[in-house]
Amino acid sequence: MRSTVFSLLLGLVGVAAVAVVPSAAPAQDSTDFRAYLESLRPKARAMGIRDATLDSVFPTLTPNPRVIALDQTQPGGGAYSPIPNFEPYRRQHVDAARISRGRIAYQANRARLARIEAETGVPEEIMVAIYGHETNYGSYTGDFDLIRSLATLAHEGRRRALFEPELLATLKMLDNGVPRSRLIGSWAGATGYPQFLPSVYLRLAKDGDGDGRADIWTSEADALASIANYFVQAGWRRGQPWGVAVSVPSSFDRASVAAKTNPARCPRVFNRHSRWLTMAEWRKLGMFPASGIWPADTMMATLLEPDGPGKTAYLLTGNYRAILDYNCSNFYALSVGLLADAVK
């Protein structure tokens, strides 16, 4: 399953639209920065990274103040701050243009998508929806130098525990032969068509076209195979939908299905879900699917009403949790599922 670090970082990742011009740092900061980089050598060596690789890249690095500014201005959200309605987000992220481009990408990749689904059980349309959400089908992937950005964030120290391992993973990618020119992405380290963090690339990137390389930056086959591999590792269950839209009866007693557990990860996400019941149990409680078709009676699901009572609600399966593992946001996971359905 995806680590907490991975989920936290992808929730913060934003792809830059404008290139960042390097600027000189004060002399003392530069000295501290160089000393910090040199302090990483023992950890890098323990990962098998060659000194020659470090010697080739460390002298080229300077702190990037733009990255620090972006990190420090990320929107917060306390445990009790209001959560907006989902519908405006849905209209923006599951719009006609994204659906249309998704159908084009779907048709262009049908042969490889069908093969990957047969091998992994991850639906073709889920792979396409992730591709669409992360980079609008490869049209923007970020233009920050990953090594410089991650070195800057790790050196700054506020969230070193998050960014230093990603810096070391990026150096490992370079040492493994990934060209420096490929190591470009968002200011917070996500890269390629799937916007993988470097540590995830090392664990899960796949060669989907048989050329011996996992090129998630220019090969759609590799990117889609890597997305599917991510979901396999996140526990995707073959043949199970991510969820179904349902109407909830006005007399429904929500307190009767309230969750009893206190989630350790992403509490603002999981605290909005009910406890698990079977589809048969939800049907007995008066739920009715918008499609008119119920999944298997024994399938387990939780209830989420993202816009409150009287609006569209969703019964969400374990595969929805796999989408949350990619990015721990109900809005993200719902829009991925809805885009997948629309593309299909």
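How many salt bridges are counted between domain 1 and domain 2? In this predicted model, the count across that boundary is 0, although the structure as a whole holds 20 salt bridges. The interface is therefore best introduced through its other features, beginning with the two domains themselves and the area they share.

The domain assignment of the protein divides each domain into two segments of the chain: domain 1 covers 33-71 + 141-232, and domain 2 covers 85-140 + 233-343. Between the C-alpha centres of domain 1 and domain 2 the distance is 30 Å. To their contact, domain 1 contributes 19 residues and domain 2 contributes 25 residues.

The size of an interface is often expressed as the accessible area that is lost when the parts come together. Here, domain 1 and domain 2 bury about 1,900 Å² between them, and carbon and sulfur atoms account for 66% of that area. Polar contacts are found here as well: 15 residue pairs, with both residues at pLDDT 80 or more, meet the rule across the interface of domain 1 and domain 2. On the side of domain 1 that touches domain 2, helix α13 (residues 220-233) gives the most, with 10 residues. Sorted by class, that side of domain 1 has 12 nonpolar, 6 polar and 1 charged residues.

Among the 20 salt bridges of the structure is the pair formed by Arg-41 and Asp-51, whose closest N and O atoms are 3.1 Å apart. This pair links distant parts of the chain: Arg-41 belongs to helix α3 (residues 41-46) and Asp-51 to helix α4 (residues 51-57), with the two residues 10 residues apart.

The strands offer a further point of interest. An open sheet is formed by 5 strands, arranged in the order β4-β6-β7-β3-β5 with antiparallel pairing. Its edges are β4 (277-278) and β5 (288-289), each of which pairs on one side only.

At one edge, β4 pairs with strand β6 (residues 300-304) in the antiparallel sense over 2 bridges, and Thr-278 stands opposite Met-300 in β6. Further along the sheet order, strand β3 (residues 243-247) and strand β7 (residues 313-316) are joined by 4 bridges, again in the antiparallel sense. Within this pairing, Val-244 has Leu-315 in β7 as its bridge partner. Towards the other edge, β3 and β5 run antiparallel and are joined by 2 bridges, with Pro-289 in β5 as the bridge partner of Val-246. For readers following these strands in the model, it helps to recall that side chains in a regular strand alternate between the two faces of the sheet.

Methods
Residues numbered from 1 in each chain as written. Predicted model: local features only at pLDDT ≥ 70, side-chain atom pairs only at ≥ 80, totals over all residues. Heavy atoms only, no water. Domains from an automatic or database assignment. Contact = heavy atoms within 4.5 Å. Buried area = accessible area lost by both parts, 1.4 Å probe. Salt bridge = Lys/Arg side-chain N within 4 Å of Asp/Glu carboxyl O. Polar contact = N/O pair within 3.5 Å; in protein donor to acceptor, adjacent residues only side chain to side chain. Nonpolar A, V, L, I, M, F, W, Y, C, P; charged D, E, K, R; others polar. Pairing = 2+ DSSP bridges.
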